[in-house]
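Reader: I'd like to go through this model with you and ask how each label was earned. Could you show me the structure to begin with?

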Amino acid sequence: MQGEGTAASPPNAAPADTASSGTRVDFYVITSDAPRDRLRTACRVVEKAYQAGNTVLVWHTDLEELRDFDELLWTFGDGSFVPHEAITAAGFAGAPVLLSSAPTPPGGFDILVNLAADVPVCVTEARRVAEFIDGDPARRQAGRARFRTYKDRGWSPTTHNL
């Protein structure tokens, strides 16, 4: 993804408002191939989004990794607090950060944090999308496919090499 809209940005950059022209898509690319490093980077972005007053939906189709992310949100940083909960068949209480692999919250959300291999259908409900790619070859390939999907929709994704 080198050269495809690359820009320098720290991993804890607060989400920016979306221009009226459409959804903002940011790809955060790290060199490590350790899944935990990718998830830790996502935690920092989720924390900044929460601190900025945004509602966040964390989307992942890998339930085991979504559970790992849930646990990591409690422990990724000293003094960090990100109120979150998983959306289940029984519903949810309305935390500002929701985790899901199927249902989406009624009323929408500001930011979609996509940890899945594919672009979810609910992407159109978000003002901003945050994607996370690491050095794992399969995740890089899936990330390139998602990047093309966004470009095909007429969106202009930005890549942040960390």
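Author: Happy to. One term comes up at once: a helix here is a DSSP run of H or I with at least four residues, and a strand is a run of E with at least two, numbered from the N terminus. Asp 70 is found in helix α2 by that rule. Please keep in mind that this is a predicted model.

Reader: What do the helices and strands of the protein chain come to, and how do the elements run from the N terminus on?

Author: The protein chain has three helices and eight strands. Their order from the N terminus is β-β-α-β-α-β-β-β-β-α-β.

Reader: Why is Asp 70 called partly exposed?

Author: Its relative accessibility is 24%. Buried means under 20% and exposed means over 50%, with partly exposed in between, so Asp 70 counts as partly exposed at 24%. The C-alpha atoms of Asp 70 and Leu 39 are separated by 9.9 Å, with their positions 31 residues apart along the chain.

Reader: Is Phe 76 buried or exposed, and how do you know?

Author: Phe 76 has 13% relative accessibility, and the limit for buried is under 20%, so Phe 76 counts as buried. Phe 76 is found in the loop between α2 and β4 (84-86). Its C-alpha atom is separated by 9.4 Å from that of Thr 41, and the two are 35 residues apart along the chain.

Reader: How much of the protein chain is buried?

Author: Of its 162 residues, 44% are buried.

Reader: What makes the contact between Asp 26 and Arg 24 a salt bridge?

Author: The N to O distance between their side chains is 2.7 Å. A salt bridge needs a side-chain nitrogen of Lys or Arg within 4 Å of a carboxyl oxygen of Asp or Glu, so this pair qualifies. Asp 26 is buried, with a relative accessible area of 0%, whereas Arg 24 counts as partly exposed at 28%. Arg 24 and Asp 26 are also linked with Arg 128 in a network of salt bridges.

Reader: How many salt bridges does the structure hold?

Author: The structure holds six. Another one joins the side chains of Arg 127 and Asp 110, at 3.5 Å from N to O. This pair links distant parts of the chain, 17 residues apart: Arg 127 is in the loop between β6 (111-114) and β7 (128-133), and Asp 110 is in the loop between β5 (97-100) and β6. Arg 127 has a relative accessible area of 30%, which lies between the 20% and 50% limits, so Arg 127 is partly exposed.

Reader: What makes Glu 131 and Arg 146 a salt bridge, and why are both called buried?

Author: Their side chains meet at 2.5 Å, N to O, and the cut-off is within 4 Å, so the label fits. The pair links distant parts of the chain, with Glu 131 in strand β7 and Arg 146 in helix α3, 15 residues apart. Glu 131 has a relative accessible area of 0%, under the 20% limit, so Glu 131 is buried. Arg 146 has 3% relative accessibility, so Arg 146 counts as buried by the same limit.

Reader: Why is the contact between the side chains of Tyr 28 and Arg 128 called a polar contact?

Author: The two side chains are joined at 2.4 Å, and a polar contact is a pair of N or O atoms within 3.5 Å, one able to donate a hydrogen and the other to accept it, so this pair meets the distance limit. Tyr 28 is in strand β2. Tyr 28 is buried, with a relative accessible area of 2%.

Reader: What lies 3.2 Å from a polar atom of the side chain of Thr 23?

Author: That is the backbone oxygen of Ala 126. Thr 23 sits in the loop between β1 (6-7) and β2 (24-29). Thr 23 counts as buried at 15% relative accessibility.

Reader: Last one: which residues form the negative surface patch, and what makes Asp 62 eligible?

Author: The patch is formed by Asp 62, Glu 64, Asp 68 and Glu 71. Patch residues need over 30% relative accessible area and no salt bridge. Asp 62 is partly exposed at 36%, so Asp 62 passes the area limit. Asp 62 is found in the loop between β3 (56-59) and α2 (63-75).

Methods:
Residues numbered from 1 in each chain as written. Predicted model: local features only at pLDDT ≥ 70, side-chain atom pairs only at ≥ 80, totals over all residues. Heavy atoms only, no water. Patch = residues over 30% accessible without salt bridge, like charges linked within 9 Å, V, L, I, M, F, W, Y side chains within 5 Å. Areas by Shrake-Rupley, 256 points an atom, 1.4 Å probe, with all protein chains shown as cover. Lys, Arg positive; Asp, Glu negative; His and termini not counted. Charge placed at Lys NZ, Arg CZ, Asp CG, Glu CD. Buried < 20%, exposed > 50% of the residue type's maximum accessible area, 1.4 Å probe, protein only.
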